[in-house]
Amino acid sequence: MRRIAVLWIGFAIATAVLGAAAAFETRASRLQAIKTVGIVSAIGEEMSLTQAGLTGLGNTAQSLPIGAWGLDELIVQQATKLLGGRFRVQPVTYRRAAFAAIRDSAVTPVNLLRSDPFKELVRSDVAPQGLDAYIVITRARSKLGNGRNVEGVGLAEYRTLLADYGLVHALYEVRVIDGKSFDVIEKRAAAPLDNTGTLRIAGPSGPVDETFGGAASGERLRAAVADLIARSLPVTLGDMHLIEGQ
């Protein structure tokens, strides 16, 4: 009986490995077939202000409008430049607010069991239709300190008895959605850039080394967020094998 059980375990492991290899091969072949893409970005209309730790308990996150920063336009511009070496990138129109309104990330286990909400949105809200694929860039979520969620673009402060820590973050995830079947071919959340700070978060972020107060604070924050996006986007697209030579 023990020998049979071992054989069954070995068979199960082999089946899982072969299944994973087949899935990777399918994704790779589908990515290889893509010639024309459209880019959708919906992460930069608002910025969250979050406090956590001892003095943050019970506080709710606040948000500020930052549409004037033009972050989504910046992302589309940078992604177009990065992807242009491999794909023919075509401009698309879409309701940015509709994409930004979807708050739950489809990378969580619960959401993996249901249809990705962005599939139908690409089908119904993006024009023109008929491109080989659509690259959809939206907010991602992570945990901060005592478990409080933070997402998208934001400024977070974590306080303890001994010190205060702050960071600015730009959390996002990228999906490749088939333009014919609207299946999600690939998706990936942007990873941390260095993750060496005292306060760590699962995504692009950087420490706040000065008080963002005064008339110039908005521009400094915009520049910090833009820098996080500029440095992380090539890495993320490269990890997804969307950039030539990656």
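Start by selecting V37 and V89: the bridge partner of V37 in strand β4 is V89. Strands here are DSSP runs of E with at least two residues, helices are runs of H or I with at least four, and both are numbered from the N terminus. This is a predicted model, in which local features need pLDDT of at least 70 and side-chain atom pairs count only at pLDDT 80 or more, while totals for chains, interfaces and linings use all residues. Residues are numbered from 1 along each chain as its sequence is written, and side-chain values use heavy atoms, with hydrogens and water left out.

**Stop 1: the open sheet**

Now widen the selection to strand β1 (residues 36-42) together with β4. These two pair in the parallel sense over two bridges; two strands count as paired if DSSP finds at least two bridges between them. Add the other members and you have an open sheet of five strands, in the order β4-β1-β5-β10-β11, with mixed pairing. At its edges are β4 (88-89) and β11 (184-189), each of which pairs on one side only.

**Stop 2: the whole chain**

Zoom out for a moment. The chain has six helices and 12 strands. Of its 246 residues, 39% count as buried, where buried means under 20% relative accessible area, exposed over 50%, and partly exposed in between (1.4 Å probe, protein chains only). The accessible surface of the chain comes to about 13100 Å², and 58% of that belongs to carbon and sulfur atoms. These areas come from the Shrake-Rupley method with a 1.4 Å probe, and for residues only the protein chains shown count as cover. Among contacts (heavy atoms within 4.5 Å) between residues at least 6 apart in sequence, 70% join residues at least 24 apart.

Colour by pLDDT next, the predictor's confidence in each residue, from 0 to 100. The chain mean is 80, and 73% of the residues reach 70 or more. Two stretches to look at are residues 10-24 and 106-113. Over residues 10-24 pLDDT stays under 50, and the model has zero contacts there beyond four places in sequence. Over residues 106-113 pLDDT also stays under 50, but here the model has 12 contacts beyond four places in sequence. Where pLDDT is low, the predicted coordinates should not be read in detail.

**Stop 3: three aromatic rings**

Select Y94, F99 and F118, which form one aromatic cluster. A search of the whole structure finds two aromatic pairs. The ring centres of Y94 and F99 are 5.8 Å apart with their planes at 80°, so this pair is edge-to-face. F99 and F118 are stacked instead, at 6.2 Å centre to centre and 15° between the planes. For these labels, rings of Phe, Tyr and Trp (its six-membered ring) pair if their centres lie within 6.5 Å; planes under 30 degrees apart count as stacked, over 60 as edge-to-face and the rest as tilted.

The stacked pair links distant parts of the chain: F99 is in helix α3 (residues 96-100) and F118 in helix α5 (residues 117-125), 19 residues apart. Are the rings' residues buried or exposed? Y94 is buried at 19% relative accessible area, F99 is buried at 1%, and F118 is buried at 2%.

Stay in helix α5 and select D125. D125 is buried, with a relative accessible area of 15%. Leaving out residues up to four places away in sequence, D125 touches T93, Y94, R95, A98 and F99. Its side chain also makes a polar contact with the side chain of S124 (2.7 Å). A polar contact is a pair of N or O atoms within 3.5 Å; within protein, one must be able to donate a hydrogen and the other to accept it, and residues adjacent in sequence count only if both atoms are side-chain atoms.

**Stop 4: strands β6, β7 and β8**

Move to strand β6 (residues 141-144) and show its side chains. S142 and L144 point to one face and are buried, while R141 and K143 point to the other and are not. In a regular strand the side chains alternate between the two faces of the sheet. Strand β7 (residues 148-151) runs antiparallel to β6, joined by four bridges; V150 in β7 is the bridge partner of S142.

Also in β7 is E151, which is buried with a relative accessible area of 14%. Beyond four places in sequence, E151 touches S48, R103, R139, A140, R141, H169 and L171.

Finish at V153, in strand β8 (residues 153-159). V153 counts as buried, at 1% relative accessibility. Its contacts, leaving aside neighbours within four places in sequence, are I43, E46, M47, S48, I66, L71, H169, A170 and V225.
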